[in-house]
Amino acid sequence: MISMKSDREDLVFQVLLLIHIPVACLFTAVLGQADSSSSVVVAGYNVSALAGSRVVLQCVSGRMVWTRDRVRDRQRVVHWDVYRAHLDNPMDRVVDMFSAGDQRIYNSYNLGRVGITPTAFEDGNFSLVIKDVTMNDRGLYSCNLHHLYCHLYETVRVQLNVTKSRKKEQRFWDGQKAVFVVLVGSTVVLPCINRRNVWTDWSEEEEDQQVVHWDRQSPGIRHDRADRLVDLYASGEQRSYGPLFLQRKMNISNQAFSEGDFSLTISDLQPTDEGMYSCHLHHHYCGLHERREFQVRVEPPVIQTTQPARALPSEDKDTTKAESPRVINVILPDQRHHFLLPLGYVLTSFLLLVFIILVIILISRRRKIKEFYPQASMRSSRSHSSSDEFEMDVAEVNMYNEEERRFDYKNNLLKEKVHMNTPPKVIDLDKEMQKFSK
């Protein structure tokens, strides 16, 4: 009963997978229906060369190197990784499986609980099955497909969320990846489907899957009417087309598939060789279909004229003839600081000009101050002169009064002696004056 219940759950999840992830199936169908014979232009070049020269149109691709896988081991691999942002080491490898080997589980806890279908490289179903889902299984899962032989790398991402409520279970597309919300303890299938032949089939005749050919379109000729020049197969077979002389002047190296160099060499280039050359690379097993275009133009050869020998100048040269002007080449040293010299001159001139302007401003301000206050200066000068004159007048008046007093005192003394009829007495005027002054 338990096994039947688990089978029913797996069947239900596969049906839901087909319903909710139609984009992957549609994408695979479109790729399967694509025309593998059509090539895509990946590069275009314009090449000009002189007539009669030798030109090489380079067409190199590492994906076309013939590395035959006889063991058929470790050429195709799928591995599932999980990213958990809440852990210290967020990225973890879950499982991987090679096309010729068993799958490898990296965590012992996932043994018997997590795995990929053993027939993944036969039916193209690389989905990851997780049984008994726990909260620790939450994270962003990525399905990585690597084809080492064809240099193909593809990735599919699925977000897994875990819930304890059955009502919250859902599956939807958020615009970038599929989001699965599943119930704890249930089984979930994270989808990763790619049914392209490069992941599921293997051709025993690998040398027939790789071919390179060169075409040429003359001016005015359409692409579908181009002339085939040469075909080269990985088995070593080479087919050349056109006249014999054309086959001899255009060739590809015999080691093209071992080196990945499919360049076309054209010798003795002529104007009739102009046109559009195309290098077509086809790897049918890997799904590689590329085309590189070269627009070739032929220019006329350069005609070199021989100049006559010049006679040596003689000593009796006519000095009356004007000498031809001579051209002198002057090579300036390449210095990083040579531009600082004119900058220094400009700054010096600017500072000198500013200094002159400041001097002119100060002089003009002083003149304006004298023009606005002329009366104050005159009054101050007049006041000084009048005070000096006043001091001089007072001193003179004092001296005059003192002399007048002395003269009056002498007259009074003489008058008193005369009235007293006394003989005149010799009087020392200086002593009397000193007494009077006291």
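# A guided tour of the predicted model

One cavity of 30 Å³ or more turns up in this structure. The model is predicted, so keep that in mind at each stop.

**Stop 1: the cavity.** Rolling a probe the size of a water molecule over the atoms shows where empty space is left. Here the largest cavity holds about 60 Å³. Select Leu-229, Val-230, Ser-240, Tyr-241, Leu-246, Gln-247, Met-250 and Leu-264 to display its lining. Now colour strand E14 (227–233) and helix H5 (244–249): each of them supplies at least two of the lining residues. What is the character of this lining, nonpolar, polar or charged? Six of the residues are nonpolar, two are polar and none is charged.

**Stop 2: strand E11.** Select residues 178–183. Six of the six residues are buried, so strand E11 is largely enclosed by the rest of the structure. In a regular strand the side chains alternate between the two faces of the sheet. Look at one side of E11 and pick out Ala-178, Phe-180 and Val-182. Turn to the other side for Val-179, Val-181 and Leu-183. Both faces are covered, and these residues are all buried.

**Stop 3: the partners of E11.** Add strand E9, residues 152–163. E9 and E11 run parallel and are joined by six bridges. For a landmark, find Thr-163, which stands opposite Leu-183 in E11. Next add strand E10, residues 170–173. E10 pairs with E11 in the antiparallel sense, over four bridges. Here the landmark is Gln-170, opposite Val-181 in E11. Follow the chain from E10 to E11: the two form a hairpin with four residues between them. Stop at Gly-175 in the turn, where phi is positive, at about 105°.

**Stop 4: salt bridges.** Side chains of opposite charge can pair when their charged atoms come close. How many salt bridges does the structure hold? The count is 12.

Begin with Arg-113 and Asp-137, whose closest N and O atoms are 2.9 Å apart in a salt bridge. Arg-113 sits in the loop between strand E5 (104–105) and strand E6 (114–116), while Asp-137 sits in the loop between strand E7 (128–130) and strand E8 (139–147), so the pair ties together parts that are 24 residues apart in sequence. Are these two residues buried or exposed? Both Arg-113 and Asp-137 are buried.

Move to Asp-96 and Arg-93. Their side chains meet in a salt bridge at 3.9 Å, N to O. Asp-96 is buried, at 3% relative accessibility. Arg-93 is partly exposed, at 28%. Widen the selection to Asp-81, Arg-93, Asp-96 and Arg-104, and you have a network of residues linked by salt bridges.

**Stop 5: strand E19.** Select residues 288–299 and find His-289 within this strand. His-289 is buried, with a relative accessible area of 11%. Which side chain does the side chain of His-289 contact? The partner is His-282, in a polar contact of 2.9 Å between the two side chains.

Finish with Glu-290 and Arg-292. Their side chains form a salt bridge of 3.3 Å, N to O. Arg-292 has a relative accessible area of 12% and is buried. Glu-290 is also buried, with a value of 15%.

Methods: Residues are numbered from 1 along each chain as its sequence is written. This is a predicted model: local features need pLDDT of at least 70, side-chain atom pairs count only at pLDDT 80 or more; totals for chains, interfaces and linings use all residues. Side-chain values use heavy atoms; hydrogens and water are left out. Buried means under 20% relative accessible area, exposed over 50%, partly exposed in between (1.4 Å probe, protein chains only). A polar contact is a pair of N or O atoms within 3.5 Å; within protein, one must be able to donate a hydrogen and the other to accept it, and residues adjacent in sequence count only if both atoms are side-chain atoms. A salt bridge is a side-chain nitrogen of Lys or Arg within 4 Å of a carboxyl oxygen of Asp or Glu. On a 1 Å grid over the protein atoms alone, a cavity is a set of points where a 1.4 Å probe fits but cannot get out, and a pocket is an open set with protein on both sides within 12 Å along at least five of seven lines; lining residues have an atom within 4 Å of a point. Grid points are joined across faces, edges and corners, and a volume is the space filled by probe spheres set on the points. Ala, Val, Leu, Ile, Met, Phe, Trp, Tyr, Cys and Pro count as nonpolar, Asp, Glu, Lys and Arg as charged, and the others, Gly among them, as polar. Two strands pair if DSSP finds at least two bridges between them.
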